[in-house]
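Please find below my note on this model, set out as numbered points. It covers the overall form, the ligand shell and the nonpolar cores.

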Amino acid sequence: MKLSVPDYILSIKPYTPGKPLEELEREYGIDDSIKLASNENPIGPSPLAVAAIKESTKKLNRYPDGSGHDLIRKISNHIGFSPQHIVLGNGSDEIIGMLAFAMLQPGDEVILPVPSFLMYEIMVRGAGATPVFAPLTSLSIDLEEIKKKMTSKTRMIFLCNPNNPTGTVISKKDFENFIQEMPSGVIVVVDEAYIEFVRDQNCVKSLEYLDNITPLVTLRTFSKAYGLAGLRIGYGVMPLEIADILNRIRLPFNTNSLAQAGAGAALEDKIFLEKVISLVHEGLDFLYNALDSLGINYFPTQTNFFLIDVRKDADEIYEDMLRQGVIVRSMKSYGYPNYIRINVGLHEENVRFLKALEKSLA
Ligand SMILES: Cc1ncc(COP(=O)(O)O)c(C=O)c1O
């Protein structure tokens with residue numbers, strides 16, 4: 001084939017997701033494996049969401065509501081912004097993509113913290129723009145470093161709060177100073193995929209700074225605390241001008257009817273959300289204590305996942321744990337060669353993880 005593909009597309013390394021359970025079981029001929037590799041919610045979906053999804057299957061012969069009317073209204077009530085500020089996406093991943101494709105062109109620069117969520121770089125490159133990397137300082141996003149990287153070509157900045165994979169947060173004070181200094185042509189995107197898990201009172205919630213003047217976009221998802229990763233639904237909250245631009249390139253039915261119904265019901269299931277958050281906090285405290293008593297170092301987190309220092313090659317520990325039916329994430333490719341990342345599981349999964357880790361480290 002003689003394909004003419006832009007160099008900037010060829011420069012993209014495909015995203016590698018956490019290994020699926022089914023794949024592990026097929027490859028290693030085992031069953032009963034556990035996955036703590038994709039920061040998912042271990043409890044399952046909200047029962048109210050499942051009921052709403054079942055009900056909406058009756059109308060699968062129809063196209064979804066392309067405007068997402070009902071869900072957008074529920075989100076609007078939840079966050080206190082009018083529906084026109086909200087754009088739904090097939091996961092918040094899709095909104096990252098929409099922002100890149102609608103707003104960027106070759107020659108533009110986008111500042112990305114590293115390490116952080118890998119989809120920012122993929123989408124920025126996909127739009128032909130240039131990623132400019134701002135390394136973390138002490139595992140935290142360094143806003144001063146980001147400011148230093150700004151040039152007249154900077155069009156967008158991604159902030160991941162809390163940051164994946166380090167679990168650190170940006171403080172209100174730092175964010176406030178940062179956003180005040182932003183030139184009006186630079187869009188600041190704050191990805192809050194894990195915001196529901198944060199316990200630190202100083203962590204900024206970017207919606208508090210959203211108005212129609214500041215080019216600020218907040219991303220939220222139903223994939224994590226709401227337990228609906230498989231449905232693919234998330235949203236962005238943004239000034240009307242940016243929402244209007246995204247809606248020009250949004251596919252007419254980008255979020256499906258099951259996802260809209262499930263997310264709407266999940267948003268109203270406050271008891272479920274509280275249960276998930278408590279489980280994550282209890283699980284984290286349990287894991288911290290256990291790791292402390294084993295003398296294993298880790299970085300405390302504001303999310304449902306955290307980094308553990310295995311003091312050995314993380315890829316080898318990952319492989320060894322796979323053979324024991326436990327999927328974790330090696331952080332080698334993120335620049336932390338001796339760290340693995342795990343998310344909190346159910347209590348029995350956490351216990352099994354600890355046993356497997358001890359065995360792998362022995
Ligand atoms: C920081 C961050 N943002 C966005 C996403 C993607 O979320 P969604 O499932 O809504 O596409 C993830 C998923 O792992 C993530 O870690």
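1. The radius of gyration is taken over C-alpha atoms, and the globule rule is 2.2 Å times the number of residues to the power 0.38. For the 362 residues here a compact globule would come near 21 Å, and because the protein has 21 Å, the two agree. The C-alpha trace spans about 55 × 55 × 55 Å along its principal axes.

2. This is a predicted model, in which local features need pLDDT of at least 70 and side-chain atom pairs count only at pLDDT 80 or more, while totals for chains, interfaces and linings use all residues. Residues are numbered from 1 along each chain as its sequence is written.

3. Around the ligand there are 13 residues (C-beta atom, placed from the backbone, within 6 Å of it), and the closest are Gly 91, Asp 93, Thr 221, Ser 223 and Gly 234.

4. The largest nonpolar core, a set of buried Ala, Val, Leu, Ile, Met, Phe, Trp, Tyr and Cys residues joined through C-beta atoms within 7 Å, has 76 residues; buried means that 20 or more other C-beta atoms lie within 10 Å of a residue's own, with C-beta atoms placed from the backbone. Ala 100, Phe 158, Leu 159, Val 189 and Ala 263 have the most contacts inside this core, where a contact is a pair of C-beta atoms, placed from the backbone, within 7 Å.

5. Both domain 1 (16-44 + 271-361) and domain 2 (47-268) give residues to this core, so it lies between them; the domain bounds come from an automatic or database domain assignment. A second, separate core of 24 residues includes Val 326, Ile 340, Ile 342 and Phe 353.

Key:
Buried ≥ 20, exposed ≤ 12 C-beta atoms within 10 Å, placed from the backbone.
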